[in-house]
Amino acid sequence: MAKTKARKRKSVSRSTQVSEHPANTGVRPVRKLTSLDNAQALLMPSLVALGSWGIAFTFTFLTTQPNHLLFGGMAALMALLWSVSLGVRAQRMMQRK
């Protein structure tokens, strides 16, 4: 039983020590993005755009459903939006360098 009381006292003293320091305000220092971070930021939009273009092609030319042009057009619109988003992100990344 004495051990638990000692642990509680240690945790209380730690919490008071942390709150007394003015440097610990909860604000993290800003970290610069590396080229790896930039590449990872472009990876997901590029994969979604490529997949959307593939779906648009598949719906438009490879299916025999009655609404294949409607579905293909909707997928092409989605692919176009993702492609524009990817282009804007890439342009913004190039401007930062």
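1. Surface and burial. In this predicted model, the protein exposes about 8,400 Å², and carbon and sulfur atoms supply 66% of that area. Of its 97 residues, 11% count as buried.

2. Fold content. The protein has 3 helices and 0 strands, and its elements run α-α-α from the N terminus on. Among contacts between residues at least 6 apart in sequence, 58% join residues at least 24 apart. The points below concern helix H2, which spans residues 35–61, and helix H3, which spans residues 68–96.

3. Nonpolar patch. Six residues form a nonpolar patch on the surface: Trp53, Leu77, Leu80, Leu81, Val84 and Val88. Together they have about 570 Å² of accessible area. Helix H3 supplies the largest share of this patch, 5 residues. One of the patch members is Val88, which lies in helix H3. Val88 counts as partly exposed because its relative accessibility is 37%, a value between the 20% and 50% limits.

4. Ser52. This residue lies in helix H2. Is Ser52 buried or exposed? Ser52 counts as buried, because its relative accessibility is 2% and the limit for burial is under 20%. A polar atom of the Ser52 side chain lies 2.8 Å from the backbone oxygen of Val48. Leaving aside neighbours within four places in sequence, Ser52 is in contact with Ala75, Met78, Ala79 and Trp82.

5. Thr60. Thr60 is another residue to check, and it lies in helix H2. The side chain of Thr60 reaches the backbone oxygen of Ala56 at 2.7 Å. With residues up to four places away in sequence not counted, Thr60 touches His68, Leu69 and Gly72.

6. Aromatic pairs, Phe57 and Phe61. How many aromatic pairs does the count give? The count comes to 2 aromatic pairs. In the pair Phe57 and Phe61, the ring centres are 5.2 Å apart and the planes stand at 50°, so the pair is tilted; the tilted class takes in plane angles that are neither under 30 degrees nor over 60. Phe57 and Phe61 are separated by about one helical turn, because they are 4 residues apart in helix H2. As for accessibility, Phe57 counts as partly exposed at 46%, whereas Phe61 is exposed, with a relative accessible area of 60%.

7. Aromatic pairs, Phe59 and Phe71. The rings of Phe59 and Phe71 have their centres 5.7 Å apart and their planes at 55°, so this pair is tilted. The pair links distant parts of the chain, with Phe59 in helix H2 and Phe71 in helix H3, 12 residues apart. Phe59 is partly exposed, with a relative accessible area of 28%. Phe71 counts as partly exposed at 31% relative accessibility.

8. Met93. Met93 is found in helix H3. Why does Met93 count as buried? Met93 counts as buried because its relative accessibility is 16%, and the limit is under 20%. Which residues does Met93 touch, not counting those up to four places away in sequence? They are Asn38 and Leu42. Met93 and Asn38 are 55 residues apart in sequence, and their C-alpha atoms are 7.0 Å apart in space.

9. Points to compare on screen. Two side chains of helix H2 can be viewed with their backbone partners: Ser52 with the oxygen of Val48, at 2.8 Å, and Thr60 with the oxygen of Ala56, at 2.7 Å. For the sequence-distant contacts, examples include Ser52 with Trp82, Thr60 with Gly72 and Met93 with Leu42. The two tilted ring pairs are Phe57 with Phe61 and Phe59 with Phe71.

Key. Residues are numbered from 1 along each chain as its sequence is written. This is a predicted model: local features need pLDDT of at least 70, side-chain atom pairs count only at pLDDT 80 or more; totals for chains, interfaces and linings use all residues. Side-chain values use heavy atoms; hydrogens and water are left out. Patches are made of residues with over 30% relative accessible area and no salt bridge: like charges are joined within 9 Å, nonpolar side chains (Val, Leu, Ile, Met, Phe, Trp, Tyr) within 5 Å. Accessible areas come from the Shrake-Rupley method with a 1.4 Å probe; for residues, only the protein chains shown count as cover. A salt bridge is a side-chain nitrogen of Lys or Arg within 4 Å of a carboxyl oxygen of Asp or Glu. Helices (H or I, at least four residues) and strands (E, at least two) are DSSP runs, numbered from the N terminus. Buried means under 20% relative accessible area, exposed over 50%, partly exposed in between (1.4 Å probe, protein chains only). A polar contact is a pair of N or O atoms within 3.5 Å; within protein, one must be able to donate a hydrogen and the other to accept it, and residues adjacent in sequence count only if both atoms are side-chain atoms. Contact means heavy atoms within 4.5 Å. Rings of Phe, Tyr and Trp (its six-membered ring) pair if their centres lie within 6.5 Å; planes under 30 degrees apart count as stacked, over 60 as edge-to-face and the rest as tilted.
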